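Hi,

Here is the structure I promised to pass on to you. Have a look at it first, and then read on for what I found in it.

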Amino acid sequence: MSVISEELFKRNLPELFYFDDGSPVTPENWEARRAQLLEILSSEEYGFAPPSPEKVNVTVERHEDGQYAGKACVNSLRLSFETDRGEFSFPVMEIVPTGKKNCPTFVVLNFRADVPDKYLPAEEIIDYGCAILRIYYNDIAYDGEDDFSGGIAAMYDRGKYNWGKLRMWAFAASRVMDYLQSGTADYPDLSRIVVAGHSRLGKAALIAAAFDTRFALACANDSGCSGDALTRGKKGERVGDIVKTFPFWFCEKYKSYSGRETEMPFDQHFLLAAVAPRRVALGAALEDEWADPDSQYLSACAVSGVWDMLGRKGFITPDRLPLPGDCFSAGCIKYHLRRGRHFLSREDWQHYCTYILEL
Ligand code: GTR
């Protein structure tokens with residue numbers, strides 16, 4: 001048995017390539033299987049999102065030309081849409097390379113409202129010819145215990161959707177996608193719109209791309225537990241840890257898997273698989289044992305066959321676990337393992353920017 005097959009065998013993962021009734025998953029029925037995976041992830045882990053609004057309106061609150069030495073313009077936008085309980089709106093910072101069209105475009109879920117920011121080196125990203133739309137996550141749903149009384153959580157019946165905040169942040173990324181698709185913006189290459197985030201927001205980026213097929217790529221940096229890392233056999237953070245500290249990130253049911261991970265009818269490879277046949281870029285850091293780089297890598301190994309089945313290249317690696325400095329990007333799943341700690345660094349951004357340029 002190959003090294004990777006042996007590692008995956010030990011994890012004893014729920015089956016991806018067969019339906020519950022035992023019939024095989026094929027290219028023809030893949031969308032049905034994908035819908036099933038999404039249903040399981042919604043009911044067991046992240047909760048359900050409300051239907052997409054019919055229309056997203058945009059207001060330009062501020063326009064600044066000639067920023068970044070003249071290389072970009074910066075717009076402060078406000079997006080608004082109707083919810084079950086009236087209008088909801090949130091700010092988005094838009095940074096567009098001057099005079100460029102057909103730009104690869106990053107929708108970035110970020111921890112801070114500042115641009116540039118330690119996690120968002122805007123000038124370097126612009127220098128790759130990419131546009132940026134920054135969402136500040138607390139503008140969508142407060143990242144703390146508030147009994148779902150504020151932000152977008154308050155705009156829908158909690159009992160009806162039972163969504164956690166990861167799903168709410170992902171929902172906001174899709175509203176930015178609505179704006180990009182509306183034709184109002186003249187710069188994006190609609191076939192190269194990417195959703196990106198770090199850590200908890202890397203989890204949200206994966207959720208956004210899994211549910212919204214308009215995203216060509218998800219860049220999930222150090223997303224680890226309940227993100228890109230396999231839960232079964234995972235080191236570092238476990239379901240019991242994450243639901244204790246951050247119960248509001250998930251639906252109620254997920255909490256019941258604390259200490260019962262092997263009983264989950266899914267694992268995180270379902271989340272990656274739901275992005276197929278589009279692309280996924282995973283970033284890991286050597287000292288980020290809480291996220292567990294090996295379990296992040298093995299998740300990619302576990303789903304590679306989905307892309308193969310769909311006639312695309314999946315995850316192309318040597319038959320071994322990852323080593324520091326590794327970067328595997330020849331297929332539709334990219335993985336890099338950089339040295340250092342849990343962080344969204346310039347080095348990580350360089351990986352994501354070069355990959356988006358290959359799309
Ligand atoms: C940690 C959490 C991780 C990760 C991280 C982050 O405390 O346990 O799952 O999401 O926060 O978002 O920085």
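The C-alpha centres of domain 1 and domain 2 lie 24 Å apart. Domain 1 covers 1–45 + 223–335 and domain 2 covers 47–214 + 343–359, with bounds that come from an automatic or database domain assignment. Their contact (heavy atoms within 4.5 Å) takes 37 residues from domain 1 and 29 residues from domain 2.

Before going further, please note that this is a predicted model: local features need pLDDT of at least 70, side-chain atom pairs count only at pLDDT 80 or more, and totals for chains, interfaces and linings use all residues. Residues are numbered from 1 along each chain as its sequence is written, and side-chain values use heavy atoms, with hydrogens and water left out.

Back to the interface. The two domains bury about 2,600 Å² between them, 62% of it on carbon and sulfur atoms; buried area here is the accessible area (1.4 Å probe) that two parts lose on being put together, summed over both. On the domain 1 side, Ser-42, Phe-248 and Trp-249 supply 28% of the area buried against domain 2, more than any other three residues. Salt bridges (a side-chain nitrogen of Lys or Arg within 4 Å of a carboxyl oxygen of Asp or Glu) number zero across this interface, although the count comes to 24 by this rule.

One of them pairs Lys-101 with Asp-186, the closest N and O atoms being 3.3 Å apart. This pair links distant parts of the chain, 85 residues apart: Lys-101 is in the loop between S3 and strand S4 (103–110), and Asp-186 in the loop between H5 and strand S6 (188–198). Helices (H or I, at least four residues) and strands (E, at least two) are DSSP runs, numbered from the N terminus.

Now to the inside. The largest nonpolar core (buried Ala, Val, Leu, Ile, Met, Phe, Trp, Tyr and Cys residues joined through side-chain atoms within 4.5 Å, buried meaning under 20% relative accessible area with a 1.4 Å probe, protein chains only) has 126 residues, and Phe-90, Phe-106, Trp-169 and Trp-349 touch the most other members. Helix H5 (residues 165–181) gives the most to this core, with 11 residues. Both domains give residues to the core, so it lies between them. Leaving aside neighbours within four places in sequence, Trp-169 is in contact with residues including Leu-109, Tyr-137, Arg-200 and Trp-249.

Phe-90 also has a place in the strand pairing, as the bridge partner of Leu-79.

Enjoy exploring!

Terms used. Two strands pair if DSSP finds at least two bridges between them. Buried means under 20% relative accessible area, exposed over 50%, partly exposed in between (1.4 Å probe, protein chains only).
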